[in-house]
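Colleague: I should like to go through this model with you, step by step. May I put my questions in turn?

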Amino acid sequence: LSIDWRHGQLWFHDALVDADVPIQAMMWQNGGHSGMDQWNFVMHPVYAAKAADPEGEYVRHWLPALAKLPVEFIHCPWEAPATQLAAAGVRLGRDYPKRIVVNLERAQKRSLEAVVEMRRGEGA
């Protein structure tokens, strides 16, 4: 998303019951490729959601607007055919937001290029 890591860290500080400033700051810096300990991994949000919640139970509980979607679209409603969305009563952009990042691979490539540029001193 190319958003300053500090925005995420501040949101987590307010949202988490057990907020831990040093740990969260480190994790958000690493996620933004600006921390001291660089982890070179990218977590694909849809694949991670499918691995952690294969039947969509968590999503159905916490996002009732998506509860009627079939399991194959519960983690990626933007991929559902219009007929499936209508049958489930889901209108993207109203009941559930439209995607912010449409092409994850392209966004990842741009992000990594920006990190390399900044490390070379070209983006300062």
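Modeller: Let us begin with a term: contact means heavy atoms within 4.5 Å. Please also keep in mind that this is a predicted model.

Colleague: With that term in hand, which residues does V21 touch, leaving out residues up to four places away in sequence?

Modeller: V21 has its place in helix α2. Its C-alpha atom is 8.9 Å from that of L10, a residue 11 positions away in sequence. When residues up to four places away in sequence are not counted, the residues that V21 touches are Q9 and H13.

Colleague: Is V21 buried, partly exposed or exposed?

Modeller: A residue is buried under 20% relative accessible area and exposed over 50%, with partly exposed in between. V21 has a relative accessible area of 42%. This value lies in between, so V21 is partly exposed.

Colleague: How many helices and how many strands does the chain have?

Modeller: Read from the N terminus, the elements follow the order α-α-α-α-α-α. The count for the chain is therefore zero strands and six helices.

Colleague: At what angle do helix α1 and helix α2 pack?

Modeller: Helix α1 covers residues 5-15, and helix α2 covers residues 21-31. Their axes lie 9 Å apart, and their crossing is right-handed. The angle between α1 and α2 is about 145 degrees.

Colleague: Which residues of α2 take part in the meeting with α1?

Modeller: On the side of α1, the participants are W5, G8, Q9, F12 and H13. The residues in this contact divide into five nonpolar, five polar and no charged. On the side of α2, the participants are V21, Q24, A25, W28 and Q29.

Colleague: Which residues of α2 are buried?

Modeller: To count as buried, a residue must have under 20% relative accessible area. The cover over the buried residues of α2 includes α1. The residues of α2 that are buried are Q24, A25 and N30.

Colleague: What percentage of the residues of the chain count as buried?

Modeller: The chain has 124 residues. The share of them that count as buried is 19%.

Colleague: Which residues make up the largest nonpolar core?

Modeller: This core has nine residues in all. One of them, I74, is in contact with G56, V59, R60, L66 and L69, leaving aside neighbours within four places in sequence. The members of the core are V59, L66, L69, F73, I74, A80, L85, A88 and V90.

Colleague: Which residues does K68 touch, not counting residues up to four places away in sequence?

Modeller: K68 lies in the loop between α4 (57-62) and α5 (82-88). The C-alpha atoms of K68 and G89 are 7.7 Å apart, although these residues are 21 positions apart along the chain. With residues up to four places away in sequence not counted, K68 touches R60 and A88.

Colleague: Is K68 buried or exposed?

Modeller: The limit for an exposed residue is over 50% relative accessible area. K68 has 67% relative accessibility, and therefore K68 counts as exposed.

Colleague: How far apart in space are Y47 and H75, C-alpha to C-alpha?

Modeller: Y47 is found in helix α3, residues 45-52, and at 56% relative accessibility Y47 counts as exposed. Y47 and H75 are 28 residues apart in sequence. From C-alpha to C-alpha, their separation in space is 8.6 Å.

Colleague: The structure holds three salt bridges. Which residue is the partner of K109 in one of them?

Modeller: The partner lies in helix α6 (residues 104-119), as does K109, and is four residues away, about one turn of the helix. K109 is exposed at 54% relative accessibility, whereas its partner is partly exposed with a relative accessible area of 41%. The side chains meet at 3.3 Å, N to O, and the partner of K109 is E113.

Colleague: What is the N to O distance in the salt bridge of D4 and R6?

Modeller: D4 counts as partly exposed at 29% relative accessibility. R6 is also partly exposed, with a relative accessible area of 48%. Their side chains meet in a salt bridge with an N to O distance of 2.5 Å.

Colleague: With which residue does R94 form a salt bridge?

Modeller: R94 is exposed, with a relative accessible area of 53%. The closest N and O atoms of this salt bridge are 2.7 Å apart. The partner of R94 is D95.

Terms used. Residues are numbered from 1 along each chain as its sequence is written. This is a predicted model: local features need pLDDT of at least 70, side-chain atom pairs count only at pLDDT 80 or more; totals for chains, interfaces and linings use all residues. Side-chain values use heavy atoms; hydrogens and water are left out. Axes are lines fitted to C-alpha atoms, for helices over the stretch in contact, and angles run from 0 to 180 degrees between N-to-C directions. Helices (H or I, at least four residues) and strands (E, at least two) are DSSP runs, numbered from the N terminus. A crossing is left-handed if the near helix is turned anticlockwise from the far one by less than a right angle, and right-handed if clockwise. Ala, Val, Leu, Ile, Met, Phe, Trp, Tyr, Cys and Pro count as nonpolar, Asp, Glu, Lys and Arg as charged, and the others, Gly among them, as polar. Buried means under 20% relative accessible area, exposed over 50%, partly exposed in between (1.4 Å probe, protein chains only). A nonpolar core is a set of buried Ala, Val, Leu, Ile, Met, Phe, Trp, Tyr and Cys residues joined through side-chain atoms within 4.5 Å. A salt bridge is a side-chain nitrogen of Lys or Arg within 4 Å of a carboxyl oxygen of Asp or Glu.
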